[in-house]
Amino acid sequence: MENIHSSFVMVIFGATGDLMKSKLLPALFSLFKQKVLPQDFQIIAFSRRELTNEQFINYFPQLSEKEGWRDFAKRLVYQKGEFEEENGYQELIKKLNDFDKKMGACVTRFFYLATPPIHYESILS
């Protein structure tokens, strides 16, 4: 597997759901442990639950006991937001801009919708 060299931000909508818990985060953590991901990346987890960043990091007990989890978890940022309300998206924009400032450039961003299709229009509009 080829390594990714460019910094990126991945935004995952529906980050407290089963898809994130059982598939996405374990796969991303595995790539991190294999050193496939770049040195500088961030995963912004967007979801409706009222969680702090630390609570979100501890939300994955099957991963949190594994070696390397704490290093990986430093790259996780939680953003609470309702899919149909603007406030969460405004905070998301601030987080994206903060990472860009830290990196000194506008880094690649990609978005993953781990939500039921009924929410796609609200998230993407």
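In this predicted model, Phe29 is tucked away from the surface: its relative accessible area is 2%, so the residue falls under the 20% limit and counts as buried. Its ring does not sit alone. Phe29 and Trp69 make an aromatic pair, with 5.4 Å between the ring centres and 80° between the planes, an edge-to-face arrangement. That pair joins distant parts of the chain, since Phe29 belongs to helix α1 (residues 18-33) and Trp69 to helix α4 (residues 69-73), 40 residues apart.

Trp69 is buried too, because its relative accessibility is 0%. A further partner of Trp69 is Phe72: here the ring centres are 5.6 Å apart and the planes meet at 45°, so this pair is tilted. Both residues lie in helix α4, where a spacing of 3 residues puts them about one turn of the helix apart. Phe72, like its partner, is buried, with a relative accessibility of 0%.

These contacts belong to a wider picture. Across the whole structure, a search turns up 17 aromatic pairs. One aromatic cluster takes in Phe29, Trp69 and Phe72, and its other members include Phe8, Phe56, Tyr59, Tyr78 and Phe110. Tyr59 also has a charged visitor: the charged end of Lys21 sits over the Tyr59 ring, 4.2 Å from the ring centre.

Trp69 and Phe72 turn up again in the largest nonpolar core, which has 25 residues; along with Ile12, Leu25 and Leu76, they touch the most other members. At least two residues of this core come from each of β1 (8-13), α1, β2, α2 (53-57), α4 and β3. Helix α1 gives the most, with 6 residues. As for Leu76, leaving aside residues up to four places away in sequence, its contacts are Leu25, Ile43, Asn53, Phe56, Ile57 and Trp69. There is also a second, separate core of 14 residues, with Phe13, Phe83, Tyr89 and Leu96 among them.

Strand β3 (residues 76-80) is mostly covered as well, with 4 of its 5 residues buried. It runs parallel to strand β2 (residues 41-47), and the two pair over 5 bridges. Within this pairing, Ala45 has Tyr78 of β3 as its bridge partner. Tyr78 is also one of the residues in the aromatic cluster, while β2 and β3 both feed the largest core.

Key:
Residues numbered from 1 in each chain as written. Predicted model: local features only at pLDDT ≥ 70, side-chain atom pairs only at ≥ 80, totals over all residues. Heavy atoms only, no water. Buried < 20%, exposed > 50% of the residue type's maximum accessible area, 1.4 Å probe, protein only. Pairing = 2+ DSSP bridges. Phe/Tyr/Trp six-rings, centres within 6.5 Å; stacked < 30°, edge-to-face > 60°. Lys NZ or Arg CZ within 6 Å of the ring centre and 35° of its normal. Core = buried A, V, L, I, M, F, W, Y, C linked by side-chain atoms within 4.5 Å. Contact = heavy atoms within 4.5 Å.
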